[in-house]
Amino acid sequence: LAKKLQGALDKLKSKGKLSEKDVDVAMREVKLALLEADVNFRVVKKFVSTVKERSIGQEVMGSLTPAQQVIKIVNEELTNLMGGTESKIEFSSNPPTIIMMCGLQGAGKTTTAGKLGGLLKKKGKFPLLVACDIYRPAAIKQLEVVGSKLEIPVFSMGDKQNPVNIAKAAIEHGKKNGNDVIIIDTAGRLHIDEELMEELENIKQEVNPNEILLVVDAMTGQDAVTVAENFNEKLNVNGVVLTKLDGDARGGAALSIRAVTDKPIKFVGMGEKLDQLETFHPDRMASRILGMGDVLSLIEKAQANFDAEKAMELEKKLRSQEFTFDDYLEQLQQVKSLGSMNEILQMIPGMNSKQLKNLNVDEKEFVRVEAIIQSMTKEERKNPSMIDGSRRKRIARGSGTTIQDVNKMLKQFKETRKMIKKIGDMEKTMKKKGRFS
Ligand code: GDP
Ligand code: MG
């Protein structure tokens with residue numbers, strides 16, 4: 001615990017403005033991470049210069065190191081690049097809402113049509129799936145299987161009708177049957193071609209969908225960006241669904257797609273199962289692209305919990321020897337509010353579960369110390385020297401610990417105080433000698 005307090009002080013001392021060197025050091029890592037994540041080179045270059053501009057000269061927050069601060073800015077900018085907040089399906093004020101899926105073959109249109117239907121059904125909608133892929137063998141059957149698993153009706157007219165007619169008939173059917181959402185599954189090709197685009201444009205013109213969702217496979221990286229650009233040019237899509245993010249894909253496509261097409265990613269596919277479709281969160285994707293585990297959420301947690309003003313106040317108290325058990329408790333609770341120690345350690349990049357086991361963080365120790373302090377009276381907390389033998393016995397009983405526990409804690413507290421005094425004195429002498437500013 002003494003170490004933790006010292007750590008907190010160290011952080012306070014590192015306060016200052018971000019220098020160009022701080023920024024460069026952090027940006028080198030970021031650049032590599034972005035390129036590794038398959039983000040378009042031009043996007044990376046522009047991005048890096050934006051972040052540099054924004055970072056240099058900024059105040060470093062009390063709870064962050066300069067590198068962390070730059071990463072935080074990077075995270076914010078990445079999030080902004082991807083649209084900032086999540087974007088949802090726009091439902092028609094005059095149902096049914098018509099959603100049309102498009103994309104290359106194998107991107108995940110049929111699966112996603114089903115997943116989306118499932119998601120909306122859970123929200124109380126009555127979706128209808130429409131089989132407009134008449135070319136791929138067994139495509140209709142595939143959608144029917146998906147529909148029956150989810151208990152969502154599927155409209156099909158076999159493979160002899162033209163897709164435009166099927167779509168029109170499906171909408172009539174849906175209106176009659178009270179379906180408030182109609183999801184049209186369309187055909188794909190291995191490559192973008194005129195015929196595919198023309199068919200999609202025809203469907204679009206005839207049924208006038210509320211949402212055209214482009215489905216792209218995240219695993220294809222930069223190709224996904226080209227595909228998105230082409231489809232968007234022809235169809236002016238409303239949003240993108242990025243599938244197969246559960247695989248190796250680092251998610252760089254997400255950033256480039258948004259930057260290139262300026263269309264929001266609305267959902268991400270996280271697996272083959274029909275419930276594995278999630279709303280897209282730009283901030284989470286930003287962390288993923290940085291490839292730093294959940295380091296960013298850790299930083300944010302620290303930031304949210306570490307009240308800068310309180311920290312200054314505490315520092316003053318520490319220096320002037322007024323440090324009481326109340327302060328000690330507050331400090332403890334701040335550390336604890338970051339989450340369980342093991343949870344925090346897991347967020348550190350490169351930490352594997354084996355290393356975590358070896359560390360063996362004693363959570364119970366936290367609870368014990370807290371209980372002991374809470375069993376003290378107000379006076380005792382302010383003036384620990386008054387805690388004599390009988391008071392120790394009472395505190396141990398009140399906190400469900402032993403006298404040994406209480407003794408150990410009191411000793412630790414005394415040492416912490418001493419250490420703080422030493423640091424304070426050291427800084428005073430250094431200031432006098434003019435070496436500490
Ligand atoms: P379509 O040709 O665009 O209709 O693509 P399909 O819906 O038939 O999907 C092609 C393959 O990708 C199938 O094997 C799906 O199970 C798989 N797939 C779709 N979405 C995902 C996803 O988010 N994650 C994973 N791992 N597989 C997916
Ligand atoms: Mg399909």
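Okay, quick vocabulary first: helices (H or I, at least four residues) and strands (E, at least two) are DSSP runs, numbered from the N terminus. What we have here is a predicted model, where local features need pLDDT of at least 70 and side-chain atom pairs count only at pLDDT 80 or more, while totals for chains, interfaces and linings use all residues. Residues are numbered from 1 along each chain as its sequence is written, and chains are lettered from A and ligands numbered from 1 in the order in which they are written.

Let's start at the ligand. Which helix gives the most to the shell around ligand 1? That's helix 5, residues 109-122, with 3 residues. The full shell is 18 residues, and the closest are G108, K109, T110, T111 and G269; a residue counts as near if its C-beta atom, placed from the backbone, lies within 6 Å. Split by class, you get 3 nonpolar, 11 polar and 4 charged. For that split, Ala, Val, Leu, Ile, Met, Phe, Trp, Tyr, Cys and Pro are nonpolar, Asp, Glu, Lys and Arg are charged, and the others, Gly among them, are polar.

Staying with helix 5: 11 of its 14 residues are buried, so the rest of the structure largely encloses it. Buried means 20 or more other C-beta atoms within 10 Å of the residue's own, exposed means 12 or fewer, partly exposed is in between, and C-beta atoms are placed from the backbone. K109, T110 and T111 are among the buried ones. Just past the end of helix 5, G124 has a positive phi of about 95°.

Now the sheet. It's open, with 8 strands in the order 3-2-4-1-5-6-7-8 and mixed pairing; strands pair if DSSP finds at least two bridges between them. At the edges sit strand 3 (154-155) and strand 8 (277-279), each pairing on one side only.

How many residues of strand 1 are buried? 6 of 6. T97, I99 and M101 point one way, and I98, M100 and C102 the other way. Strand 1 (residues 97-102) pairs in the parallel sense with strand 4 (residues 181-185), over 4 bridges, and also with strand 5 (residues 211-217), parallel again, over 4 bridges. I99 is a handy landmark: it stands opposite I183 in strand 4, and its bridge partner in strand 5 is E211.

Last stop, S287 in helix 11 (residues 282-290). Why does S287 count as buried? Because it has 24 C-beta neighbours inside 10 Å. S287 and E76 are 211 residues apart in sequence, yet 9.8 Å apart in space, C-alpha to C-alpha.
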